[in-house]
Amino acid sequence: MAADGDKLQEFMGKMAGDMGAAMSASLVVLGDRLGLYKALADAGPSTSAGLAAKAGVNERNLREWLAAQAASGYVDYDAVSSKFSLNAEQTMVFANEESPAFMAGGFDVISAMFQDEAKVGETFKTGRGMGWHEHCPCLFRGTERFFRPGYNANLVSAWIPALDGVEAKLRQGASVADVGCGHGASTVLMAKAFPNSHFVGFDYHGPSVERARLLAAKEGVADRARFETASAKDFPGAGYGLVTIFDALHDMGDPVGAAQHIKASLAPDGTFMLVEPNACDNLKDNLNPLGRMFYSASTMICTPASMSQEVALALGAQAGEARLTQVAHEAGFTRVRRATETPFNMVLELRP
Ligand SMILES: C[S@@+](CC[C@H](N)C(=O)[O-])C[C@H]1O[C@@H](n2cnc3c(N)ncnc32)[C@H](O)[C@@H]1O
C-alpha cells in the first residue's frame with residue numbers, strides 16, 4: 001500500500017512533537033529533583049548564570065536544560081534580556097507542590113514506566129503480571145505526588161459533599177477505612193478535615209504503609225489516622241460508616257472479592273465511595289489525550305498489578321462506569337450512582 005505524502009508529513013509532525021515530549025520527560029524529572037523549577041519561581045526572571053548560582057548547579061548544564069524547557073513551553077524566555085522565567089501557570093504546574101494543577105509528580109510515574117519496561121515486557125510473555133510492590137520506588141512517591149493535587153482540590157470540598165449524608169456523618173464522628181491507601185494522601189486529608197472521625201488506611205504494600213504513618217505524624221493527625229498492612233479482601237474492622245478506595249480497585253486481582261469484603265465491613269447505613277479514573281464505557285470513546293495517558297499507565301502498571309494477584313480480573317484503568325457497576329452488583333451492592341466527577345476521576349457511591 002503506497003503512503004500518502006501529505007498524510008505522512010502530518011504524521012511525522014505529530015511524531016516530532018511526541019518524541020520531543022517523551023524526551024523532555026527526563027528533563028522534568030531532573031529539574032524537579034534538583035529543585036530547578038522552584039529556584040526559578042523564587043528567583044523570578046533570571047539569566048542562566050544567575051539561576052545557576054541560586055540553584056547551586058553548573059551554568060553550562062543549566063543553560064542547556066533551560067533552552068530545552070523554553071522549547072517545550074515549560075518556561076518563558078525573553079530574547080532581549082536573555083532571561084528565563086516561569087509564568088503563573090507554569091509555576092502552578094511545575095513549582096508549587098500545593099497547587100491543584102501541580103503535575104511534576106506525574107513524571108516520577110513516567111520514570112517508573114521506563115525503568116520497569118524490561119520487567120513488564122517479560123510479563124507480556126509469561127502472563128504472570130507484575131505486582132505494585134515490584135516496581136521502582138519512584139512509582140510510589142510519584143503516585144502520591146501526582147494524585148494529591150486532585151484530592152486537595154476536590155475530596156473535601158466536592159466529592160464527600162456529593163455523597164448522600166456522608167459529610168454530616170463525618171462531622172459528627174464516624175469510623176472510616178481507606179483501602180489501597182498507598183502513601184495515605186487521601187486518608188490524611190480526610191483526617192485533617194474531620195477531626196471527630198477516625199480513619200484507618202490499609203494497603204498490602206508495607207513500605208507505603210510506613211510512609212503513610214510518617215505523613216500522618218508530620219501533618220499532626222496520627223491520633224486519628226492510623227495505617228495497617230492488609231489486603232482489600234481481609235482488612236480488619238466492622239461497622240465502618242464510610243469505606244473509600246481511591247484509584248486502586250482496578251489494580252486489584254479480585255475487585256469483586258474486595259467489594260464483597262467492604263460490603264461486609266460497612267455499618268448497615270454505610271457508604272462505599274469508589275474513586276476511579278474517569279472513562280467512557282467503550283474503547284472508541286476513550287481515544288483521546290486522557291485515555292492515552294490512562295491506557296499507557298494501565299499497560300505498564302495497573303493491568304500487570306491485577307494480573308499478579310488471585311483471580312487476575314485485570315479491569316484496566318479505563319474500565320468505565322458500566323463495568324464498575326457490574327463489579328459492584330456482583331459484590332452485592334444494590335445502589336450504585338455516579339455522585340460526581342472531574343476530568344480525571346469519577347466518584348461512585350455504592351450502598352448495600
Ligand atoms: C494507584 S495506587 C493508589 C494509592 C492511593 N489510593 C492513592 O490514591 O494515592 C494503588 C494502590 O493499591 C494498592 N493495592 C493493590 N492491590 C491491593 C490489594 N489487593 N489490597 C490492598 N491494596 C492493594 C497498591 O499497593 C497501591 O498502593
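Which residue has a polar side-chain atom 2.9 Å from a nitrogen atom of the ligand? The legends below answer this for a predicted model.

**View 1. Glutamine 309 beside the ligand.** The residue asked about is glutamine 309: a polar atom of its side chain is placed 2.9 Å from a nitrogen atom of the ligand. With the ligand in place, the protein covers 95% of the 600 Å² of accessible area that the ligand has on its own.

**View 2. Tyrosine 151 and glycine 180 at the ligand.** The side chain of tyrosine 151 has an N or O atom 2.5 Å from an oxygen atom of the ligand. Glycine 180 uses its backbone instead, with an N or O atom 2.7 Å from a ligand nitrogen atom.

**View 3. The shell of residues around the ligand.** There are 18 residues around the ligand, and those that come nearest are Tyr151, Gly180, Asp203, Phe246 and Gln309. Sorted by class, the shell holds 10 nonpolar, five polar and three charged residues.

**View 4. Helices H3 and H4 packed together.** H3 spans residues 48–55 and H4 spans residues 59–72. Their axes are 9 Å apart and meet at an angle of about 115°. The crossing of H3 past H4 is right-handed. On the H3 side, the contact is made by Ser48, Ala49, Leu51 and Ala52; on the H4 side, Glu59, Leu62, Arg63 and Leu66 take part. Five residues of this contact are nonpolar, one is polar and two are charged.

How values were computed: Residues numbered from 1 in each chain as written. Predicted model: local features only at pLDDT ≥ 70, side-chain atom pairs only at ≥ 80, totals over all residues. Heavy atoms only, no water. Axes fitted to C-alpha atoms, helices over the stretch in contact; angles between N-to-C directions. Helix = DSSP H or I, 4+ residues; strand = E, 2+ residues; numbered from the N terminus. Left-handed = near helix turned anticlockwise from the far one by under 90°. Contact = heavy atoms within 4.5 Å. Nonpolar A, V, L, I, M, F, W, Y, C, P; charged D, E, K, R; others polar. Near = heavy atom within 4 Å. Polar contact = N/O pair within 3.5 Å; in protein donor to acceptor, adjacent residues only side chain to side chain. Areas by Shrake-Rupley, 256 points an atom, 1.4 Å probe, with all protein chains shown as cover.
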